[in-house]
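User: Pick one part of this model and take me through it slowly. I'd like one connected account, not a list.

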Amino acid sequence: SSLYFERYLKYLEPIDSGSEQSQELTIAINSNSSIASDVTAIWHNRRNSAVCLRWNITARCPHPSLVGRLSGQALSVLEWDQKEISPMHSINSQLQDESIVYCGSYKDSWLLQGTYFLEVLIIHCNGFGSDLLKREKYRPISRMVGTEKLQFDFAEECLEDPERNRITAKMASIVVKNKVVGKGESSEGHWVSLGTEAVYPFYSRYQPQGCRGDDLPNNCKVAMDNTHKEMFSFVFRRDNHVNEILAPLKTNLSHMVPEDSMVKDPAYWDDIKRRPNRAVVQLAVIHLEKQVHGITRVVNEGGMGKFHPNSKLPSMKELTKGPKACLVGWSHSYHLVHAFYMNNLGHRFIWAPITTADKLSATFFENYHSERNCTKFIVAVGQWALGSQLTKWGGRPWTFEKWANELTRVSQIFTERDTMQLYFRSIHRLPIGDYVGQCGPGDWRSPTAIDAYNYIIEKVVHESNHSRVHFVDTRFITDPLWDTAYDWNHIAPRVSQAEAAYIALKVLGTDL
């Protein structure tokens, strides 16, 4: 075992500074980073398709929460793993002190050969999220109930200063010498550059304190710049296969919608892509559901709206008589319904408004099944459990234990019924807005907490081990552009459209 560990360390450790390859593999540290003194080396481990950082064992933040991204001809996020190294196991003279090594892997991504800009951020000094939970990856969530890891109250945990959280130096980059096509969902598609092959200085967007309203100073405009979302387009690896499956499911509704409809005007769709607006998107979904499904809504939590057959367009009656998929959640779910309409798939989906998982019941699902013919439920209810709405009511974010318990309870509803399917959707990462970045937080939807919520979803689904309980993991679509939410809360329309196509493939493709 000692020989195996030494061989493993050869992959982890940086090449000696005297080596001919050292300049190629060593990556500069940002001296202005809030943890610049904690990190003693950063290097590109090409053999393992990873970027590694070495921490001092006496560091202020020995167990941080990290986010990393590569950008160039394509985009990729890094998946982090931690290893502690003691002097007795160290081979390299640079690692004679005790240290901790974090490696962010891109081996499961889909990357083309070329140069990639590298950015690594520290989000929390105390990595209380998925990094901590993964150390218990072989332990079922049900057996972690009651442990400090799940019960930890992170309401007062402040983020590292967003203005100083970048660990890598400006314009840091790596060279990917061979095309990378990983396994699993992470390589099902990727965001590809619409420009040249040059490395983009793709810095994560954030909202500094005091940067709200109009006529913002230049420091706000630079930090909040969102133009990089226009530099990339999503491509499925098996694009023809995806189109073959989805094409029979699509129907262009434009010729069926009345001439005076807001969504009949092509300018509406162009404008919503350029300047999305949450209220307009919600109104459009309500408008479309009335004409396509015959549903009129006064939006209320848990409400199905009233079904009025006469309000459904005659041309829609035959088209919409089959089973539906209900999107359970609040604004992120109606944004997805809107994206399904943009993809000519809206007639197969219905919005089912709810804010948090504790409000979901067997009656809720059964009502939508019997009254709206929903046989498949796509559930994503993590935003309100962590969001700023809680501060208005004096609340605190849901602990990981409460989140796990509620998801387990919801999954059990479906294991007891053979007429419905449950699809938990991954929760969207959001950029660091001013409420998230302030100390103490007024909103807890940090990458640390959301990544932990998604890890728990994955574990709950796996442990349910049931054919009617699924996990639709769209993070390979949403995470590479995690910081581009147009209003700091809702992912950009082009990201939502790509996500909607993949969800349709996973949820509806099984019907063919």
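Analyst: A word on residue classes to begin with: Ala, Val, Leu, Ile, Met, Phe, Trp, Tyr, Cys and Pro count as nonpolar, Asp, Glu, Lys and Arg as charged, and the others, Gly among them, as polar. This is a predicted model, where local features need pLDDT of at least 70 and side-chain atom pairs count only at pLDDT 80 or more, while totals for chains, interfaces and linings use all residues. Residues are numbered from 1 along each chain as its sequence is written, and side-chain values use heavy atoms, with hydrogens and water left out.

Let's settle on α9. Helix α9 covers residues 331-342 (helices are DSSP runs of H or I with at least four residues, strands are runs of E with at least two, and both are numbered from the N terminus). Its partner here is helix α17, residues 493-507. The two axes come within 8 Å and cross at roughly 80 degrees, the axes being lines fitted to C-alpha atoms over the stretch in contact, with angles from 0 to 180 degrees between N-to-C directions. That makes α9 roughly perpendicular to α17 (65 to 115 degrees; under 35 is roughly parallel, over 145 roughly antiparallel, and the rest oblique).

Who touches whom? On the α9 side, the residues are His335, Leu336, Ala339, Phe340 and Met342. They meet Ser496, Gln497, Glu499, Ala500, Ile503 and Ala504 in α17, contact meaning heavy atoms within 4.5 Å. By class, the residues of this contact are seven nonpolar, three polar and one charged.

The same pair turns up again around a hollow. The second largest cavity holds about 70 Å³ of space, and both α9 and α17 give two or more residues to its lining. A cavity is a set of points on a 1 Å grid over the protein atoms alone where a 1.4 Å probe fits but cannot get out, and lining residues have an atom within 4 Å of a point. Grid points are joined across faces, edges and corners, and a volume is the space filled by probe spheres set on the points. Eleven residues line this cavity, and closest to its centre are Val281, His335, His338, Pro493 and Ser496. His335 and Ser496 are also in the helix contact. The largest share of the lining, four residues, comes from α9. In all, the lining has eight nonpolar residues, three polar and no charged.

Helix α9 also has a hand in the largest cavity, whose volume is about 110 Å³. Here α9 gives the most to the lining, with three residues, and α11 (383-386) is the other element that supplies two or more. Of the 15 lining residues, those nearest the centre are Trp330, His332, Ala380, Val381 and Gln383. The class split is six nonpolar, eight polar and one charged. The count of cavities of 30 Å³ or more comes to three, and α9 lines the largest as well as the second largest.

How confident is the model overall? Mean pLDDT, the predictor's confidence in each residue from 0 to 100, is 85 for the protein, and 84% of residues reach 70 or more. Among the elements, strand β18 (residues 421-425) has the highest mean, 98, and helix α1 (residues 2-12) the lowest, 42. Residues 15-24 have pLDDT below 50, with 14 contacts beyond near neighbours in sequence. Residues 87-96 are below 50 too, with 26 such contacts.

Two backbone details, away from α9, to finish. Cys439 and Gly440 are joined by a cis peptide bond, with omega about -5 degrees, and Gly440 sits in the loop between α14 (434-437) and α15 (447-464). Ser49, though not a glycine, has a positive phi of about 50 degrees; Ser49 lies in the loop between β1 (39-45) and β2 (50-56).

Technical notes: 1 Å grid on protein atoms, 1.4 Å probe; cavity = no way out; pocket = protein on both sides within 12 Å on 5 of 7 lines; lining within 4 Å.
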